[in-house]
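Here is a walk through a model you can follow with the viewer open. We'll begin with how far to trust it, then take the architecture piece by piece.

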Amino acid sequence: MFNYLFSFDTGIIGYLVFLITSVALYGLFSLGLNLQWGYTGLINFGHVAFMTVGAYSTTLLSLAGVPLLVAVPIGAMLAALLGLLMGFSTLRLREDYLAIVTIGVSELVRLVALNEGWLTKGAFGVQSFPLPLENFRPTVATRIGMVAVITVIFGLALWKLGRRFLHQLRGAKNLQKQMVAIGSGLLVLLGIRLWLVSAIALYNFRSSPAANGLLFVSLITVAIVFWALERVVKSPWGRVLKAIREDEEVAKALGKNVFAYKLQSLMLGGFIAGIAGAFFAWQLSTVYPTNFEPLVTFQAWIIMILGGAGNNAGTLLGAGIYWAYTALTRDLERLPIAADQVGALRIMVIGLILMVLMIWRPQGVLGNKDELTLGK
Amino acid sequence: MTDLSKSPMPVLSATGLMKSFGGVKAVNDASIEVAQGSITGLIGPNGAGKTTLFNLLSNFIEPDQGRVLFDGEPIERLRPYQIAQRGLTRTFQVARVLSRLSVMDNMLLAAQQQTGEKFWSTWFLPGRIAQEERDARDRALEILESVGLAAKANDYAGALSGGQRKLLEIARALMTRPKLILLDEPAAGVNPTLIKQICEYITYWNRQGLTFLVIEHNMDVIMSICDRVWVLAEGKNLAEGTPAEIQTNSQVLEAYLGK
């Protein structure tokens with residue numbers, strides 16, 4: 001376990017690069033869900049459908065010779081289009097029905113991918129499609145430039161986290177608050193460690209071009225999407241979404257076209273999940289329909305609830321916690337029990353963590369507790 | 001006989017409204033008229049269909065039959081948000097504030113025709129949006145000050161007391177710059193001092209040119225602020241007249257007190 005924190009061994013760095021990429025990709029995926037549920041209050045249990053569409057569109061288009069920079073936006077737009085179709089048929093339904101229909105749609109999309117072999121190659125899977133930057137052989141100057149770019153991204157994130165840490169440290173009067181302050185201090189240190197790892201990986205780009213290229217592209221993408229989302233949720237547009245989350249009848253009474261806004265939220269969330277789908281496919285490097293089971297949707301729900309729904313930074317932190325948990329519980333495989341039992345145990349423990357969290361901090365790690373004490 | 005002294009042209013007139021829920025005729029051929037610049041009251045015993053009538057006027061519930069003219073144009077086929085955009089704003093019987101939004105955000109949300117509420121303009125017209133936000137904020141503070149909520153502007157609306165929520169809801173309705181406000185029991189569950197205040201606010205804004213249609217059970221409120229009163233019983237019109245006429249109308253007394 002301490003290897004993850006201190007070792008600069010190539011294997012460890014390779015694994016950490018995989019973890020950082022996973023955090024970015026699942027963070028991206030969950031940001032889409034957070035827009036829909038955290039900000040708009042739409043219960044989407046079929047979020048993986050957008051990812052499926054994004055993954056298949058991007059890989060199939062790029063196999064047909066379409067450049068990745070074109071294929072990804074097309075995939076994301078097709079995912080948004082699925083959001084439009086889903087929205088038109090379901091958004092007039094009450095929340096719980098919406099949940100059931102969305103889970104149905106996601107299974108429908110997966111079954112189409114499984115059975116329409118002429119298009120999706122079915123159970124055989126989509127294989128050997130182009131990956132971003134896999135044939136890129138950057139010069140020293142370019143590599144230093146790439147390191148500089150991720151330094152800016154990590155720098156901004158750590159600066160925000162650090163300020164929060166200092167702020168909490170000053171206000172820490174009781175034990176719980178001191179714990180939270182210490183926690184964010186440790187997060188800053190962990191962030192510095194991850195920045196170092198990323199910088200080393202990018203500097204030694206050639207050690208594994210596909211993995212390092214994916215790391216670079218995913219970090220940039222998640223940074224841009226985060227910035228853009230923060231901007232829109234703080235705009236008057238985002239204010240309408242939050243109003244719909246709180247009470248859509250009030251939004252209607254104040255002249256807001258609730259249906260249109262829900263549709264836009266579902267589509268934008270779908271668009272983001274579609275981009276995440278491309279990254280998912282690239283990380284897997286082979287795409288099978290079984291990669292897109294409903295479980296993936298619920299991983300996004302876990303991430304969002306862990307970090308704090310209605311909070312974009314919290315969602316990214318949730319993705320970090322989820323993958324840190326996954327990495328740390330890998331050691332459980334050394335226990336003298338069968339592999340499938342270890343898998344079940346890991347899921348049980350994360351369920352337990354969620355339960356404890358719901359009791360101790362129901363708003364999620366970064367959520368705002370004051371909000372929960374409010375009457376309706 | 002029904003001389004609408006302030007203006008000959010009603011801002012709202014509904015005729016022949018019908019709505020059944022299953023076999024129950026909640027509103028059965030009811031009509032109502034609100035004169036421009038008036039405070040019109042709508043009273044009736046519990047279950048008379050007053051709130052349903054409000055829902056029909058604002059189309060939160062679609063009428064089975066009937067016609068609603070607002071500002072001379074039919075609105076009974078419009079969606080609720082379109083009706084609100086035209087300047088007919090309703091409030092709810094139990095105050096509905098957006099709990100996890102600040103009091104200020106509750107107000108800002110109510111501003112109409114905001115450039116920033118269109119997704120793409122967030123990206124292409126930031127200057128204009130910032131300007132509109134500043135203007136809306138000033139206006140919102142002004143209204144909040146007038147109802148004594150300015151100090152709470154940055155609190156969560158969910159942290160307000162029941163009476164303050166009532167005030168916020170009325171303030172929020174004002175923020176839409178409406179031509180007509182439908183108030184559903186503004187004095188319900190509110191202490192007597194605040195009731196008096198709410199009445200003062202309503203008459204104050206009425207003098208500023210705003211028209212009100214008010215459902216209220218508190219007869220003192222109705223008698224002190226209304227120009228005209230419509231009485232509904234069992235989904236039908238029972239009477240209509242000045243407060244003084246209604247007070248002495250034997251049918252109305254019968255409906256309320258029984259024979």
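pLDDT is the predictor's confidence in each residue, on a scale from 0 to 100. You'll want that in mind from the start, since what you're looking at is a predicted model. Chain A averages a pLDDT of 90, with 97% of its residues scoring at least 70. Chain B averages 92, and 97% of its residues score at least 70. The model as a whole scores ipTM 0.92 and pTM 0.92.

Where does confidence sag, and where does it peak? In chain A, the lowest helix or strand is helix α16 (residues 369–372), at a mean of 65, while helix α3 (residues 48–63) of chain A tops out at 97. In chain B, the low point among these elements is helix α10 (residues 250–257), at a mean of 84, and the high point is α3(B), at 97. Keep an eye on the start of chain B too: over residues 1–6 the pLDDT is below 50, and beyond near neighbours in sequence this stretch makes six contacts in the model. Where pLDDT is low, the predicted coordinates should not be read in detail.

Now to how the chains meet. On the chain B side, 27 residues are in contact with 26 residues of chain A. Three elements of chain B, namely α2 (80–85), β6 (88–90) and α3 (103–110), each supply at least two residues of that side. Sorted by class, the chain B side has 12 nonpolar, nine polar and six charged residues.

Next, the layout of chain B itself. Chain B is divided into domain 1, made of 10–97 plus 165–257, and domain 2, which covers 102–159. Taken over C-alpha atoms, the centres of domain 1 and domain 2 of chain B are separated by 27 Å. Between them, 11 residues of domain 1 of chain B are in contact with 13 residues of domain 2 of chain B. Helix α6 (residues 162–175) of chain B gives the largest share of the domain 1 side, with six residues. That side divides into seven nonpolar, two polar and two charged residues.

Move over to a pair of helices, α3(B) and α5(B). The axes of α3(B) and helix α5 (residues 126–146) of chain B come within 9 Å and cross at roughly 115°, and the crossing is right-handed. From α3(B), the contact uses B:M104, B:M107 and B:L108, and from α5(B) it uses B:A136, B:R137, B:A140, B:I143 and B:L144. By class, that contact has seven nonpolar residues, no polar ones and one charged.

On to the sheets. Strands of a sheet pair through backbone hydrogen bonds, either parallel or antiparallel. One open sheet of chain B has four strands in the order β2-β1-β4-β5, with antiparallel pairing. The edge strands are β2 (24–35) and β5 (73–74) of chain B, each pairing on one side only. Start with β1 (residues 10–21) of chain B, which pairs with β2(B) in the antiparallel sense over nine bridges. There you'll find B:S13 opposite B:E33 of β2(B). The hairpin of β1(B) and β2(B) has two residues between the strands, and B:G22 takes a positive phi near 60° in it. β1(B) is also joined to β4(B) by five bridges, with the two strands running antiparallel. Here B:M18 has B:Q65 of β4(B) as its bridge partner. Lying across β1, β2 and β4 (65–70) of chain B is helix α1 (residues 50–57), which runs at about 65° to β2(B).

Which strands make up the six-stranded open sheet of chain B, and in what order? The order is β6-β7-β8-β3-β9-β10, and the pairing is mixed. At the edges stand β6 and β10 (236–241) of chain B, each with a single partner strand, so one side of each is left without a neighbour in the sheet. Ignoring direction, neighbouring strands of this sheet are turned by 20° against each other on average. For a parallel pair, look at strand β3 (residues 39–43) of chain B, which four bridges join to strand β9 (residues 228–233) of chain B. B:T40 stands opposite B:R228 of β9(B).

Notes
Residues numbered from 1 in each chain as written. Chains lettered and ligands numbered in written order. Predicted model: local features only at pLDDT ≥ 70, side-chain atom pairs only at ≥ 80, totals over all residues. Contact = placed C-beta atoms within 7 Å. Nonpolar A, V, L, I, M, F, W, Y, C, P; charged D, E, K, R; others polar. Domains from an automatic or database assignment. Axes fitted to C-alpha atoms, helices over the stretch in contact; angles between N-to-C directions. Left-handed = near helix turned anticlockwise from the far one by under 90°. Pairing = 2+ DSSP bridges.
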